[in-house]
Amino acid sequence: MSESKAPRPSDANAITRQYLDSILIEERLIDAQTASLEATIFGTTFRTPIMMPAFSHLYRYVKERNAMLEYTLAAGELGALNWVGMGENGEIGEILDTGIKTVRVIKPYADRDKIFDQIAFSEVHGAFALGLDIDHIFGKDGEYDLVFGERMTRQTMADLREYAEATKLPFVIKGVLSVTDALKSVECGAKGILVSHHHGRMPFAVPPL
(Lines give C-alpha, C1' and ligand atoms only; values in the text may rest on other atoms or scores of the structure.)
Protein backbone atom coordinates (compact mmCIF):
# COMPACT_ATOMS: atom_id res chain seq x y z
CA MET A 1 0.00 0.00 0.00
CA SER A 2 1.47 3.33 -1.00
CA GLU A 3 1.93 6.01 1.62
CA SER A 4 -0.67 8.77 1.33
CA LYS A 5 0.60 12.30 0.83
CA ALA A 6 -0.79 15.38 2.53
CA PRO A 7 -2.69 17.62 0.12
CA ARG A 8 -0.70 20.50 -1.29
CA PRO A 9 -1.73 23.88 0.14
CA SER A 10 -4.02 25.68 -2.26
CA ASP A 11 -2.92 29.28 -1.84
CA ALA A 12 -0.53 31.65 -0.09
CA ASN A 13 -2.57 31.78 3.13
CA ALA A 14 -2.64 27.98 3.43
CA ILE A 15 1.09 27.79 2.69
CA THR A 16 1.76 30.39 5.40
CA ARG A 17 -0.35 28.47 7.92
CA GLN A 18 1.43 25.22 7.10
CA TYR A 19 4.82 26.91 7.49
CA LEU A 20 3.88 28.42 10.87
CA ASP A 21 2.69 25.03 12.08
CA SER A 22 6.04 23.50 11.10
CA ILE A 23 8.14 25.86 13.24
CA LEU A 24 9.55 24.48 16.48
CA ILE A 25 11.69 26.33 19.03
CA GLU A 26 15.07 25.18 20.24
CA GLU A 27 14.89 25.36 24.02
CA ARG A 28 18.01 26.76 25.70
CA LEU A 29 17.61 27.38 29.42
CA ILE A 30 21.11 27.52 31.00
CA ASP A 31 22.28 31.14 31.41
CA ALA A 32 19.02 32.36 29.90
CA GLN A 33 17.27 35.48 31.15
CA THR A 34 13.99 37.26 30.56
CA ALA A 35 14.02 38.82 27.11
CA SER A 36 13.17 42.43 26.39
CA LEU A 37 10.27 42.74 23.96
CA GLU A 38 10.93 46.40 23.25
CA ALA A 39 11.34 47.48 19.63
CA THR A 40 12.68 50.78 18.30
CA ILE A 41 11.00 51.99 15.11
CA PHE A 42 12.00 55.28 13.47
CA GLY A 43 13.71 56.37 16.69
CA THR A 44 10.76 55.64 19.00
CA THR A 45 10.78 52.69 21.42
CA PHE A 46 7.61 50.62 21.72
CA ARG A 47 6.87 47.99 24.36
CA THR A 48 6.31 45.29 21.74
CA PRO A 49 7.39 44.56 18.16
CA ILE A 50 3.85 43.36 17.40
CA MET A 51 1.89 46.06 15.58
CA MET A 52 -1.76 46.67 14.79
CA PRO A 53 -2.72 45.84 11.18
CA ALA A 54 -3.69 48.58 8.74
CA PHE A 55 -7.41 47.86 9.07
CA SER A 56 -10.11 49.91 7.38
CA HIS A 57 -13.91 49.92 6.94
CA LEU A 58 -14.55 48.25 10.29
CA TYR A 59 -17.92 50.03 10.42
CA ARG A 60 -19.17 47.23 8.16
CA TYR A 61 -18.74 44.80 11.05
CA VAL A 62 -19.27 47.00 14.13
CA LYS A 63 -22.18 49.41 13.77
CA GLU A 64 -22.62 50.79 17.28
CA ARG A 65 -19.14 52.29 17.85
CA ASN A 66 -15.97 53.42 16.08
CA ALA A 67 -13.99 50.16 16.03
CA MET A 68 -10.96 51.74 14.33
CA LEU A 69 -10.74 54.30 17.12
CA GLU A 70 -11.12 51.54 19.73
CA TYR A 71 -8.26 49.46 18.40
CA THR A 72 -6.15 52.64 18.22
CA LEU A 73 -6.79 53.21 21.93
CA ALA A 74 -5.90 49.56 22.57
CA ALA A 75 -2.59 50.06 20.74
CA GLY A 76 -1.88 52.99 23.01
CA GLU A 77 -2.55 50.92 26.13
CA LEU A 78 -0.31 48.11 24.84
CA GLY A 79 2.51 50.44 23.84
CA ALA A 80 2.29 49.14 20.27
CA LEU A 81 2.64 51.00 16.98
CA ASN A 82 -0.76 51.54 15.38
CA TRP A 83 -1.48 51.34 11.64
CA VAL A 84 -4.61 52.46 9.83
CA GLY A 85 -5.70 51.80 6.27
CA MET A 86 -8.15 53.35 3.82
CA GLY A 87 -10.28 56.15 5.20
CA GLU A 88 -11.25 59.76 4.60
CA ASN A 89 -9.47 62.56 6.42
CA GLY A 90 -12.26 63.10 8.95
CA GLU A 91 -12.22 59.49 10.16
CA ILE A 92 -8.42 59.24 10.18
CA GLY A 93 -8.11 62.66 11.82
CA GLU A 94 -10.13 61.43 14.79
CA ILE A 95 -7.59 58.63 15.21
CA LEU A 96 -4.51 60.83 14.76
CA ASP A 97 -5.86 63.39 17.21
CA THR A 98 -5.59 60.81 20.03
CA GLY A 99 -1.83 61.34 19.93
CA ILE A 100 -1.22 57.58 19.72
CA LYS A 101 1.64 56.74 17.37
CA THR A 102 -0.08 55.83 14.11
CA VAL A 103 1.10 55.07 10.58
CA ARG A 104 -1.44 56.00 7.91
CA VAL A 105 -1.37 53.80 4.82
CA ILE A 106 -2.81 55.57 1.77
CA LYS A 107 -4.33 53.68 -1.14
CA PRO A 108 -2.81 53.87 -4.66
CA TYR A 109 -5.54 56.19 -5.89
CA ALA A 110 -5.74 57.11 -9.55
CA ASP A 111 -6.50 60.60 -8.21
CA ARG A 112 -2.98 61.74 -7.30
CA ASP A 113 -4.31 64.96 -5.77
CA LYS A 114 -6.12 62.85 -3.18
CA ILE A 115 -2.86 61.14 -2.24
CA PHE A 116 -1.05 64.44 -1.77
CA ASP A 117 -4.01 65.85 0.19
CA GLN A 118 -4.00 62.86 2.57
CA ILE A 119 -0.22 63.16 3.00
CA ALA A 120 -0.50 66.86 3.95
CA PHE A 121 -3.49 66.29 6.26
CA SER A 122 -1.80 63.43 8.08
CA GLU A 123 1.41 65.36 8.63
CA VAL A 124 -0.49 68.32 10.13
CA HIS A 125 -2.47 65.99 12.41
CA GLY A 126 0.61 64.28 13.81
CA ALA A 127 0.92 60.96 12.00
CA PHE A 128 3.96 58.95 13.08
CA ALA A 129 4.73 57.88 9.51
CA LEU A 130 3.00 57.55 6.15
CA GLY A 131 2.77 54.71 3.70
CA LEU A 132 1.37 53.80 0.32
CA ASP A 133 -0.34 50.48 -0.33
CA ILE A 134 0.99 48.96 -3.59
CA ASP A 135 -0.67 45.57 -3.05
CA HIS A 136 -4.12 47.01 -3.75
CA ILE A 137 -3.40 48.26 -7.26
CA PHE A 138 -5.14 45.39 -9.03
CA GLY A 139 -8.49 43.67 -8.53
CA LYS A 140 -9.54 40.05 -8.87
CA ASP A 141 -10.14 40.55 -12.59
CA GLY A 142 -6.56 41.71 -13.15
CA GLU A 143 -7.61 45.29 -13.90
CA TYR A 144 -6.93 48.34 -11.75
CA ASP A 145 -9.08 47.91 -8.68
CA LEU A 146 -12.23 49.84 -7.78
CA VAL A 147 -12.48 50.14 -3.99
CA PHE A 148 -15.65 51.67 -2.57
CA GLY A 149 -16.03 53.73 -5.72
CA GLU A 150 -12.38 54.86 -5.78
CA ARG A 151 -10.26 53.80 -8.76
CA MET A 152 -6.73 52.56 -8.05
CA THR A 153 -3.84 52.64 -10.52
CA ARG A 154 -0.24 51.57 -11.08
CA GLN A 155 2.49 53.29 -9.11
CA THR A 156 5.81 54.08 -10.75
CA MET A 157 9.10 54.76 -9.03
CA ALA A 158 8.68 58.42 -9.99
CA ASP A 159 5.25 58.50 -8.31
CA LEU A 160 6.55 56.92 -5.12
CA ARG A 161 9.56 59.23 -5.01
CA GLU A 162 7.23 62.25 -5.25
CA TYR A 163 5.12 60.99 -2.35
CA ALA A 164 8.20 60.33 -0.20
CA GLU A 165 9.51 63.81 -0.95
CA ALA A 166 6.13 65.42 -0.18
CA THR A 167 6.46 64.74 3.56
CA LYS A 168 9.02 65.12 6.32
CA LEU A 169 7.63 61.94 7.91
CA PRO A 170 9.13 58.49 7.30
CA PHE A 171 7.56 57.05 4.16
CA VAL A 172 6.81 53.32 3.99
CA ILE A 173 5.82 51.17 1.02
CA LYS A 174 3.34 48.43 1.93
CA GLY A 175 2.92 45.28 -0.13
CA VAL A 176 6.53 44.46 -0.98
CA LEU A 177 6.98 40.75 -1.81
CA SER A 178 10.21 40.68 -3.80
CA VAL A 179 13.81 41.78 -3.56
CA THR A 180 13.23 43.76 -6.76
CA ASP A 181 10.49 45.90 -5.20
CA ALA A 182 12.48 46.22 -1.95
CA LEU A 183 15.48 47.66 -3.82
CA LYS A 184 13.21 49.97 -5.84
CA SER A 185 11.66 51.15 -2.56
CA VAL A 186 15.10 52.18 -1.33
CA GLU A 187 15.71 54.11 -4.56
CA CYS A 188 12.34 55.84 -4.12
CA GLY A 189 13.38 57.20 -0.73
CA ALA A 190 11.27 54.89 1.42
CA LYS A 191 12.43 54.59 5.04
CA GLY A 192 10.79 51.21 5.43
CA ILE A 193 8.80 48.50 3.70
CA LEU A 194 5.90 46.38 4.92
CA VAL A 195 6.13 42.82 3.66
CA SER A 196 2.50 42.05 2.93
CA HIS A 197 0.30 40.20 0.46
CA HIS A 198 -2.98 41.75 1.66
CA HIS A 199 -4.11 38.43 3.13
CA GLY A 200 -3.45 36.49 -0.05
CA ARG A 201 -4.65 39.05 -2.57
CA MET A 202 -2.60 37.24 -5.20
CA PRO A 203 -3.09 33.62 -4.05
CA PHE A 204 -0.04 32.22 -5.84
CA ALA A 205 2.47 34.91 -4.96
CA VAL A 206 5.29 33.90 -2.63
CA PRO A 207 3.90 34.29 0.91
CA PRO A 208 5.55 36.92 3.15
CA LEU A 209 7.01 34.36 5.58
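The legends below describe an overview and close-up views of a predicted model.

**Overview of the chain.** The predicted chain contains six helices and nine strands, and its C-alpha atoms fill a box of roughly 65 × 45 × 45 Å when taken along the principal axes. Of its 209 residues, 40% count as buried.

**Close-up of a nonpolar surface patch.** Tyr19, Leu20, Ile23 and Leu209 together make a nonpolar patch of about 390 Å² on the surface. One of these residues, Ile23, is found in the loop that runs between α1 (12-22) and β1 (39-41), and with a relative accessibility of 43% Ile23 counts as partly exposed.

**Close-up of the packing of α4 and α5.** Helix α4, formed by residues 112-124, packs with helix α5, formed by residues 157-165, at an angle of about 25°, and the two axes are 10 Å apart. Because angles under 35 degrees count as roughly parallel, α4 and α5 are described as roughly parallel to each other. The crossing of α4 and α5 is right-handed.

**Close-up of Phe42.** In the loop between β1 and β2 (44-46) lies Phe42, a residue other than glycine whose phi is nonetheless positive, near 50°. Phe42 has a relative accessible area of 36% and is therefore partly exposed, since that class falls between the limits of 20% and 50%.

**Close-up of Phe148.** Phe148 lies in the loop that links β6 (146-147) and β7 (150-151), and its phi, near 50°, is a positive value in a residue other than glycine. At a relative accessibility of 47%, Phe148 counts as partly exposed.

How values were computed
Residues numbered from 1 in each chain as written. Predicted model: local features only at pLDDT ≥ 70, side-chain atom pairs only at ≥ 80, totals over all residues. Heavy atoms only, no water. Patch = residues over 30% accessible without salt bridge, like charges linked within 9 Å, V, L, I, M, F, W, Y side chains within 5 Å. Areas by Shrake-Rupley, 256 points an atom, 1.4 Å probe, with all protein chains shown as cover. Salt bridge = Lys/Arg side-chain N within 4 Å of Asp/Glu carboxyl O. Helix = DSSP H or I, 4+ residues; strand = E, 2+ residues; numbered from the N terminus. Buried < 20%, exposed > 50% of the residue type's maximum accessible area, 1.4 Å probe, protein only. Axes fitted to C-alpha atoms, helices over the stretch in contact; angles between N-to-C directions. Parallel < 35°, antiparallel > 145°, perpendicular 65-115°, else oblique. Left-handed = near helix turned anticlockwise from the far one by under 90°.
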